[in-house]
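Here is a set of exercises for you to try with the sequence and the 3D view side by side. Have a go at each task before you read its solution.

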Amino acid sequence: MNAVASSEPGLFKRMLRTLLFWVVLAIVVGALLGQFLPAWMIVPFATFNDLFGKFLAFVVPLIIVGLVTPAIFELGKSGGKWLLVTVGIAYGSTMVAGFGTWGLAALIFPSLLANQAVPDLAEPKNAVASLMDPSFTLPPVFGVMTALILAFILGIGMVSTQAQRMMEIFVEFRTLMMRLILKAIVPLLPLHIFGIFLNMSKSGQFVHVIVAMAKVIVFAFVLTVVMMLLQYLVAGAVAKRNPLKALWGMRDAYFTALGTASSAATIPVTVRCTRANGVSHEISDFVIPLCATIHLAGSTIKITAFALALQYMMGMTPNPSSMAGFILMLGVIMVAAPGVPGGAITAAQGVLQSMLAFTDPMYAIMVAMYVAVDSFGTATNVTGDGAIAIIVDKLATGTLGAEKESAQIAAEEISAGRELG
């Protein structure tokens with residue numbers, strides 16, 4: 001018994017394994033050291049950030065093709081009516097989260113972020129420069145929009161022609177891209193953030209940015225609560241159930257997700273809570289694993305809110321057409337985002353930089369804010385999965401029939417395909 005207990009890692013060791021711990025440490029240490037380190041000691045970190053930023057710009061289009069193409073094929077090949085209905089509801093929920101955040105941010109940010117403007121945040125004037133020649137570039141194979149269009153053409157084409165061998169190649173390519181994210185990109189994000197905040201502190205911008213970050217994080221958290229209430233009001237209206245009682249029934253899933261920061265790891269608890277809310281076993285068995293992969297309303301709220309906040313701090317007025325396109329494309333990216341820590345914000349980098357013209361410092365701040373409330377976003381995602389299950393259960397009552405087994409298998413395959421051991 002003692003041997004089993006002693007094999008369990010302690011709290012500190014568990015903290016060392018989390019991305020949040022290293023990001024917070026990077027922000028704090030970077031801010032402190034930036035106050036007194038001479039410029040020549042910051043140059044290596046500025047150079048690393050320059051190279052890492054160019055590397056990210058190079059690989060993000062490849063990541064998009066590697067993730068979105070097999071996602072489209074896997075969803076399309078199932079051909080199941082209720083699986084596709086579930087995907088549609090999940091995407092609609094994500095769009096409500098994104099556009100709702102945009103609307104509320106437009107009303108609240110002018111007063112919330114008053115006196116928090118940092119107009120030169122994109123390219124700080126007093127920042128320590130990289131050693132790399134400004135002419136050095138690492139051009140991507142193709143742009144982000146080209147990657148998205150190519151992914152749709154390939155995914156839909158493979159569904160229509162049943163190109164199984166080609167699909168196997170893209171499944172392996174997805175594994176390669178996810179390995180790249182997990183082993184190369186995510187581990188280096190804290191160092192990247194450290195360099196950005198080190199330079200930001202040196203240039204005197206840290207206080208303005210950190211105060212604004214705290215305000216926007218609180219704003220995003222409140223929005224996640226509002227989103228959950230809205231989801232269950234709709235689910236309650238459709239299924240003729242008490243929405244607050246159904247939402248309270250998901251509390252175990254919410255708090256489990258706060259601890260795990262993983263929708264996939266929370267699936268058993270989410271399924272149990274969903275069944276306790278009266279959802280049938282056959283619906284919960286395919287809706288919850290599927291939505292754990294494709295439904296990221298909480299993540300969309302965070303990314304949209306943080307992107308708008310950074311634009312406001314720089315004195316930029318969001319272009320309505322660009323912002324609408326960004327949210328629509330973000331929804332697609334979220335459907336295909338890998339189930340690894342930092343996967344969603346890594347996959348979203350392409351649309352942030354291509355559609356909203358984000359620079360490396362802006363993206364690093366996005367990552368820091370996103371990771372800081374990652375658990376709350378995940379908890380919102382899994383709680384919303386329960387609302388979608390209630391809606392699908394009501395719509396599909398008695399009609400699932402022969403689709404039951406194939407829907408469950410397809411959901412499990414899609415969910416497993418986004419995880420990497």
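The exercises below start with the whole protein and then turn to single helices, pairs and residues.

**Before you start**

This is a predicted model, where local features need pLDDT of at least 70, side-chain atom pairs count only at pLDDT 80 or more, and totals for chains, interfaces and linings use all residues. Residues are numbered from 1 along each chain as its sequence is written, and side-chain values use heavy atoms, with hydrogens and water left out.

**Exercise 1. The whole protein**

Task: Find out how many helices and strands the protein has, and where confidence is lowest and highest.

Solution:
- Step 1. Helices (H or I, at least four residues) and strands (E, at least two) are DSSP runs, numbered from the N terminus. The protein has 19 helices and 0 strands.
- Step 2. Confidence is given as pLDDT, the predictor's value for each residue, from 0 to 100. Its mean over the protein is 81, and 84% of the residues reach 70 or more.
- Step 3. Helix H1 (residues 2-7) has the lowest confidence, with a mean of 49, while helix H10 (residues 243-248) has the highest, at 93.
- Step 4. A residue is buried under 20% relative accessible area, exposed over 50% and partly exposed in between (1.4 Å probe, protein chains only). Of the 421 residues, 53% count as buried.

**Exercise 2. One side of a helix**

Task: Work out which residues of H3 are buried and what they pack against.

Solution:
- Step 1. Check the length. The expected span of a helix is 1.5 Å times one less than its number of residues. H3 (residues 19-33) has 15 residues and reaches 21 Å from first to last C-alpha, close to the expected 21 Å.
- Step 2. List the buried residues of H3: Leu19, Val23, Ala26, Ile27, Gly30 and Ala31. They lie on the same side of H3, because they cover an arc of only 115° around the axis. The arc is that of the directions from the helix axis to the C-beta atoms.
- Step 3. Recall the general rule: an α-helix has 3.6 residues a turn, so residues three or four places apart point the same way.
- Step 4. Look for partners, with contact meaning heavy atoms within 4.5 Å. The buried residues of H3 pack against helix H8 (189-202), helix H9 (206-239) and helix H17 (360-372).

**Exercise 3. An enclosed helix**

Task: Decide how many of the residues of H18 are buried.

Solution:
- Step 1. Helix H18 (residues 374-395) has 22 residues, and its end C-alpha atoms are 32 Å apart, in agreement with the expected 32 Å.
- Step 2. Of these 22 residues, 19 are buried, so H18 is largely enclosed by the rest of the structure.

**Exercise 4. Charged pairs**

Task: Which residue forms a salt bridge with aspartate 285, and how many salt bridges does the whole structure have?

Solution:
- Step 1. A salt bridge is a side-chain nitrogen of Lys or Arg within 4 Å of a carboxyl oxygen of Asp or Glu. The whole structure has 4 salt bridges.
- Step 2. Aspartate 285 pairs with arginine 275, with the closest N and O atoms 2.4 Å apart. This pair links distant parts of the chain, with aspartate 285 in helix H13 (residues 281-294) and arginine 275 in helix H12, 10 residues apart. Arginine 275 is partly exposed, at 30% relative accessibility.
- Step 3. Compare a pair within one helix: aspartate 50 and lysine 54 form a salt bridge (2.6 Å, N to O). They are separated by about one helical turn, because they are 4 residues apart in helix H4 (residues 39-78). Aspartate 50 is buried, at 17% relative accessible area.

**Exercise 5. A buried threonine**

Task: Is threonine 86 buried or exposed, and which residues does it touch?

Solution:
- Step 1. Threonine 86 is in helix H5 (residues 81-112) and is buried, with a relative accessible area of 0%.
- Step 2. Leaving out residues up to four places away in sequence, threonine 86 touches Phe286, Val287, Leu290, Cys291, Ile388 and Val392.
- Step 3. One of these neighbours, cysteine 291, is itself buried, at 0% relative accessibility.

**Exercise 6. Positive phi**

Task: Where does lysine 240 lie, and what is its phi?

Solution:
- Step 1. Most residues other than glycine have a negative phi.
- Step 2. Lysine 240 has a positive phi, near 55°. Lysine 240 lies in the loop between H9 and H10 and is exposed, at 67% relative accessibility.
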